[in-house]
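Colleague: I am new to this one and would like to learn how to read it. Could you walk me through it?

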Amino acid sequence: MMRPLFVFAAAVCLAVLPSCRRQSGSGEATYDNTAERTAFYERYNGEVLKKLQDRRAELDKSLAGDLTDAQRTEKQKESLALNHRLERPRYFEMLTEADLPKEMKWEDGQEEPDIGSPKAKKGGTYHSIIQGNAYPPTIRCVGAEANNSFRNCHWDDIELSLTSFHPDTGKVMPGLADRWAVDADGQTVYFHIDKDARWSDGKKVKSSDFLMSFYVYLSPYLTESYYRAYYGDQYWGMATYGDDYVCVRLAFPKPIAAGFAGVIPFQEDFYKEFGPDFEKRYNWRPRPTTGAYIIRPEDIDKGRSIALTRVKDWWAKDKKFYRNRFNPDRIEYMLVRDEEKVFQLFLRGEVDCNLLNDAKKWYEKTEVPQIFNGYIEKATFYNEYPAISRGLYFNLSRPLLSNQDIRIGLQHASNFEKVIELDLRGDAERLNLLCAGYGEFSNPNVRTRPFSVSLAREAFARAGFTKIGADGVLENAQGQRLSFTINYGKHPIWDPILLRIKEEALRCGVEYKLEAMDNTASFQKVSRKEHEIALTGWQLNLPFPDYYQQFYSEEAYEPGSDKPRPMTNNISVFADKTVDPILIENRNASSIESVKETSWKLEEIFHERAVWVPSFERPFFRVGYWRWVRWPDNFNVRLTNEADTSHVHWIDEDIKKETEDAMKHGRTFPEQNLIFDQYRKKTADK
């Protein structure tokens, strides 16, 4: 996560407050940011122009001086890009349709295949649980604590953007835009907003809603600096052309630029009260949506449940890529803090679908009559999706963990091979990469250091830890013990795994102390960089790897200090100015070749530096579901990581009645244990 500066915003806000603050019927002061936004757009344009002009002067001076050939080539490259940007220096432009370029090649993505099944039925209620064993602290999509385990349920998997990536082919497909055109520069993308696109409150989706998105993201009112930096650095700006056309300008040419430029809108009317108290004011305020489901005030039962209700006459219900998806009329998410209770609720039919990746659940706990009698069905689906980069992350700001030999030793001392063999019953593979599962972009030559008592002790000896203490833990000449605390979110799957890791590490002379916490508390501690070692992981997104957030130097420490910077994704507190240019090149890559080259190089660097201990990955997910939950013939989309996130399933009320009647009268159905391996990677011996 990242940053820029907007000092003047507060002054503008104060200037407009006397005319816009009134008392609403609910007792909350009303707020209208219209004047503030208008001033912000102009001010931000001015700030951007000044930065560009200053940089132009710096480059001209530099190019007039003595440079090596390599330096001159790099400066000239930047100069050309800067000249291109100065052709349209305003970050925000409000234009008319008459200003649109005349010669554009429009695309609509309609050649991509349908998603879901034409057999899908609308209706019914799908019962699920809130992931993470904790009630979400907010239903905002941005701001403090918005990036919680429930956000994907109401935002990432629901809201529509201008375009998105097709979950089977990976190509660009329409969303709120029904057509788009990419300029010859590969970074300027024009969109036409679908004439049918509507918010759930019936209002038309307009270009000004996308202006509001950028206003929110660039605002100083968000606690996180990530959005300000990302949208300030990775975009050159946006333009409206009347109500129906939007232009999004990326900071760098991108492969499949139309997908990267597909921004999600924030409704202008709803966010007019976005201001200094945004995070409190909007914390539990349901928003209008462009997606199939909305959260109504009555759907929120704090501490217990949240429900999504299908939007009546949803505008996209007959559109090609959405007509067979988002099928239940209602989705109810219950909070259940105990995993065993979740499973028991599933067996009772109070939860419709349950992820069964836990080997004990899959092999033992599903040996029950509900499955033998065919009431509950099981499926294994081989998917293609970036692996969760789960493992033990070292805090490099801690004295012992700043030593590379100690980190290498800890890699050799963490026996995930035995975890895979015994705890996971062989149903997993050792993870090797931070960004695995990206096809050609994932370096096949990097292999995780294996568990080895001898290699671990050799590495520790290089760091000066040669004396064996009375309890078997290695010490150095100063009496320091090789002892570390692993922080993790307590979960019945991870408790035994970490006990095994702890036992095996002691054989290598390492003491691992286990600190199990509530998921939210653990996340907050790691975000504050107060951990030594954290068991955690990132679910990365397609289509390209992203290393910048986790390892860029500015995300590691507070400016000019040795204090770790809290609330960024650089939980390793990794800072190396020689690696920063590669991270930047990877993020800003304008070609497939550059993405691949820098991704491979970064994996090699982070392996050499031993920044973490990779755990394991599965090339599939396993799920159990009551037989009234139906799926397409091929079960799911290729690019997914869980059964219900693509919303291709549906509830068959007739089958539900049939099943409940059969259970009542003792009738059974054939047992179902299905395997869908059409996307399974084939190895040479298969």
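Modeller: Gladly, and let us begin with a term. On a 1 Å grid over the protein atoms alone, a cavity is a set of points where a 1.4 Å probe fits but cannot get out, while a pocket is an open set with protein on both sides within 12 Å along at least five of seven lines; lining residues have an atom within 4 Å of a point. This is a predicted model, in which local features need pLDDT of at least 70 and side-chain atom pairs count only at pLDDT 80 or more, whereas totals for chains, interfaces and linings use all residues. Residues are numbered from 1 along each chain as its sequence is written, and side-chain values use heavy atoms, with hydrogens and water left out.

Colleague: Which residues line the second largest cavity?

Modeller: The general idea is that rolling a probe the size of a water molecule over the atoms shows where empty space is left. Here, the second largest cavity is lined by Gln411, Asn432, Val446, Thr448, Glu603, Phe606, His607, Trp612 and Pro614. Its volume is about 60 Å³, where a volume is the space filled by probe spheres set on the grid points, joined across faces, edges and corners.

Colleague: Which element gives the most to the lining of the second largest cavity?

Modeller: Helix 19 does, with three residues. Helix 19 (592-609) and strand 22 (612-614) each supply at least two residues of this lining. Helices (H or I, at least four residues) and strands (E, at least two) are DSSP runs, numbered from the N terminus.

Colleague: How do the residues of that lining divide by class?

Modeller: Into four nonpolar, four polar and one charged. In this scheme Ala, Val, Leu, Ile, Met, Phe, Trp, Tyr, Cys and Pro count as nonpolar, Asp, Glu, Lys and Arg as charged, and the others, Gly among them, as polar.

Colleague: How many cavities of 30 Å³ or more does the structure hold?

Modeller: There are six. The largest has a volume of about 70 Å³, and its lining includes Ile139, His154, Arg287 and Leu308. That lining has six nonpolar, two polar and two charged residues.

Colleague: What about the second largest pocket: how many residues line it?

Modeller: The second largest pocket is lined by 40 residues, and Glu78, Asp233, Phe252, Ile584 and Asn588 lie nearest its centre. About 1,700 Å³ of space lies in this pocket. Helix 3 provides the largest share of its lining, ten residues. By class, the lining divides into 20 nonpolar, eight polar and twelve charged residues.

Colleague: Now the sheets. In what order do the strands of the sheet with strand 20 and strand 22 come?

Modeller: In general, strands of a sheet pair through backbone hydrogen bonds, either parallel or antiparallel. Here two strands pair if DSSP finds at least two bridges between them. This open sheet of five strands has the order 20-19-21-15-22, with mixed pairing. Strand 20 (511-517) and strand 22 each have a single partner strand, so one side of each is left without a neighbour in the sheet. From one strand to the next, the twist averages 25 degrees.

Colleague: How many bridges join strand 19 to strand 20?

Modeller: Seven bridges join strand 19 (residues 483-489) to strand 20, and the two run parallel. Gly489, for one, has Met517 in strand 20 as its bridge partner. Helix 15 (residues 494-507) packs on the sheet, touching strand 19, strand 20 and strand 21 (533-536), and its direction makes about 165 degrees with that of strand 20. Contact here means heavy atoms within 4.5 Å; axes are lines fitted to C-alpha atoms, for helices over the stretch in contact, and angles run from 0 to 180 degrees between N-to-C directions.

Colleague: One last feature: why is the pair of Tyr44 and Phe92 edge-to-face?

Modeller: Rings of Phe, Tyr and Trp (its six-membered ring) pair if their centres lie within 6.5 Å; planes under 30 degrees apart count as stacked, over 60 as edge-to-face and the rest as tilted. By this rule the count comes to 57 aromatic pairs. The ring centres of Tyr44 and Phe92 are 6.0 Å apart and the planes stand at 65 degrees, so this pair is edge-to-face. The pair links distant parts of the chain, with Tyr44 in helix 2 (residues 34-63) and Phe92 in strand 1, 48 residues apart.
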